[in-house]
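Student: I'm new to this one and would like a close look at a single part. Could you take me through the strands and what packs around them?

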Amino acid sequence: MIEDEFAKYLIKTIKDNPSYEPGCKNTYKEIATIGTSVPLEQQANVILSFNYTTPLLEKSIDDSIYYQRNVHGDTGNYEYSQTFGREYHVIFGIDGLSRMDKPEIYQFTKTARVLELPNQYLPEEMKGRSIFDAQENGDEIKEIKFFGHSLGEADYSYFQSLFDQVDLYGSKTKLTFCYTTMHGPNYDAIIELMNRYGETVIPEAHGRNLLHKLLLEERLKIATLSPLVVA
């Protein structure tokens, strides 16, 4: 299975690169502190990862990470399954939006394939937590930061769910798109994402001016990470 071969490739690549884990942790800290005056030790961040690796959950875990979920599986669980004979794969797939009523198609969607995944292994302090605990406890999600994602159609359902949950139009939640000097901002992808989500906002007039509203309220920012931090 191509997914298994990809998982094995990632595991080997990481093991051959001792700077991978510390580099990821430095990048996380840069993303967490950019554009905010809140010290890292006072933050409670949730990481929704579209990668398959979990370097931030290895060894000592930063207290500012409240919860992490790898939505499409993780190599740690894959290695465990190979050792103990369980069936487990990281997954590939297409977006499930508007396709879940088509049996001949939905079996290939990420939505359907996520159903097959067992629970992600989490450190003891993260067990029982979830991505939207802040809102359930009466707080708000102050900012959503993006890094290393194409913002492409294949994952649009996740973005729509997040934006719906925080009431993007009516709330004060900020969006920050983080890039590097080597891989600069993809303005077209950001505009397309905002326009597509705007089509779901009611009334229609609000959806059409969503991007303008976010910019006027200074709730949409582009941030460049330090080249000294990102390996």
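Tutor: Sure, let's begin where two strands meet: β3 (residues 143-147) and β4 run parallel and pair over five bridges. Strands here are DSSP runs marked E of at least two residues, helices are H or I runs of at least four, and both are numbered from the N terminus. Two strands count as paired if DSSP finds at least two bridges between them. One bridge to look for joins Glu143 to its partner in β4, Lys174.

Before going on, a word on the model: it is predicted, so local features need pLDDT of at least 70 and side-chain atom pairs count only at pLDDT 80 or more, while totals for chains, interfaces and linings use all residues. Residues are numbered from 1 along each chain as its sequence is written, and side-chain values use heavy atoms, with hydrogens and water left out.

Now follow the chain. Together, β3, helix α7 (residues 156-165) and β4 make up a right-handed β-α-β unit. Right-handed means that, with the strands pointing away from you, the path from the first strand over the helix to the second runs clockwise. β4 has another partner too: strand β5 (residues 220-224) runs parallel to β4, and five bridges join them. Here Thr176 has Lys221 in β5 as its bridge partner.

How covered is β4 itself? Mostly: β4 spans residues 174-179, and five of its six residues are buried. Buried means under 20% relative accessible area, exposed means over 50%, and partly exposed is in between (1.4 Å probe, protein chains only). As background, side chains in a regular strand alternate between the two faces of the sheet.

That brings us to the packing. The largest nonpolar core has 25 residues, and Leu151, Phe163, Leu175 and Phe177 have the most contacts inside it. Such a core is a set of buried Ala, Val, Leu, Ile, Met, Phe, Trp, Tyr and Cys residues joined through side-chain atoms within 4.5 Å. At least two residues of this core come from each of β3, α7, β4, α8 and α10 (210-216). Of these, α8 gives the most, with five residues.

Helix α8 covers residues 187-198, and Tyr187 lies in it. On the surface, Tyr187 joins Ile191 and Ile222 in a nonpolar patch with about 280 Å² of accessible area together. Patches take residues with over 30% relative accessible area and no salt bridge; nonpolar side chains (Val, Leu, Ile, Met, Phe, Trp, Tyr) are joined within 5 Å, like charges within 9 Å. The areas come from the Shrake-Rupley method with a 1.4 Å probe, and for residues only the protein chains shown count as cover.

Let's finish with some charges. Glu217 and Arg219 meet through their side chains in a salt bridge (2.7 Å, N to O). That term needs a side-chain nitrogen of Lys or Arg within 4 Å of a carboxyl oxygen of Asp or Glu. Arg219 is buried, because its relative accessible area is 3%, whereas Glu217 counts as partly exposed at 38%. Lys213 belongs here as well: salt bridges that share partners link Lys213, Glu217 and Arg219 in one network. Across the whole structure, a search finds seven salt bridges. Among them is the one between Glu5 and Lys8, at 2.9 Å from N to O.
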